[in-house]
Amino acid sequence: SGDCRTNENSSRMKSEQLIKDLLKQEESGQLEFKEVVRKDTIGKTICGFLNNQGGQLLVGVSDKKEVVGVKDATKWQKELQQYLIKELVPKAPIMVSIENYKEKQLLLIKVWEGSKQPYIFNGSIYYRRNDTTVQASSKEISSLIHKRQETEVHWERQACLGVELSD
C-alpha cells in the first residue's frame with residue numbers, strides 16, 4: 001500500500017504545480033479564472049475557446065487570483081462534463097478534472113481548438129477576443145466557416161491523376 005500513497009502524493013504535487021503555474025499567468029485568450037460554478041458562463045467561455053485556439057478554465061479562483069475552491073467538486077465535475085458535452089454543438093472533446101491546491105479542490109476544464117468550428121452554445125456562437133468571451137461577429141463567424149471548409153478537404157477526396165482502379 002506504500003506505493004499507492006506515494007503515487008497519490010506525486011499526483012497531488014503535480015496538481016499543486018500545475019495550479020501554481022496557471023496562477024502565475026494572467027487571463028488571456030487561452031486562460032480564464034472563474035470564482036464559482038455558473039454553467040451558462042462556463043459554457044460560453046468553453047465555446048469561445050473551441051472557436052479559437054483552445055484553452056483552460058480554472059473554477060474556484062477569483063479575478064484577483066485568490067483560491068477559494070469549489071464545494072462538491074466531484075459532483076460538479078460530472079455535472080459539468082455532461083452539461084458541456086450535451087450543450088455544445090457539434091460535440092467536442094472536453095476534459096474536466098479536479099485539481100488540489102492548498103487543501104482546496106478546484107475544477108480545471110480544458111479544451112483544444114475545435115476541428116469542427118463554428119461551435120454553438122445555447123443558440124449562439126462565442127469567440128475569445130483577448131481575455132474576454134464575446135458573441136462572434138458576422139466576420140468572425142464567416143472566417144470560422146471558411147477555416148472549417150479548408151480543413152474538410154481531406155486526402156481521400158482529392159483527385160488522383162494517373163492512378164488506375166486496380167492500383
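This passage describes the salt bridges of a predicted model.

Across the whole structure, a search identifies 10 salt bridges. Side chains of opposite charge can pair when their charged atoms come close. One of these pairs lies within helix 1, which spans residues 2-24, where the side chains of Lys24 and Asp21 meet with an N to O distance of 3.9 Å. Lys24 and Asp21 are three residues apart in this helix, and are therefore separated by about one helical turn. The two partners are set against the surroundings in their own ways, for Lys24 is exposed, with a relative accessible area of 61%, while Asp21 is partly exposed, with a value of 33%.

A further salt bridge is formed by Lys86 and Glu87, whose closest N and O atoms are 3.1 Å apart. Here Lys86 is exposed, at a relative accessible area of 63%, whereas Glu87 counts as partly exposed, at 25% relative accessibility.

The side chains of Glu113 and Lys147 also meet in a salt bridge, with an N to O distance of 3.0 Å. This pair links distant parts of the chain, since Glu113 lies in the loop between strand 5 (104-111) and strand 6 (120-121), and Lys147 lies in helix 4 (residues 138-151), 34 residues apart. Glu113 is partly exposed, with a relative accessible area of 37%, and Lys147 is likewise partly exposed, with a relative accessible area of 35%. In addition to these pairs, Glu32, Lys34 and Arg128 are joined into one network by salt bridges that share partners.

How values were computed:
Residues numbered from 1 in each chain as written. Predicted model: local features only at pLDDT ≥ 70, side-chain atom pairs only at ≥ 80, totals over all residues. Heavy atoms only, no water. Salt bridge = Lys/Arg side-chain N within 4 Å of Asp/Glu carboxyl O. Helix = DSSP H or I, 4+ residues; strand = E, 2+ residues; numbered from the N terminus. Buried < 20%, exposed > 50% of the residue type's maximum accessible area, 1.4 Å probe, protein only.
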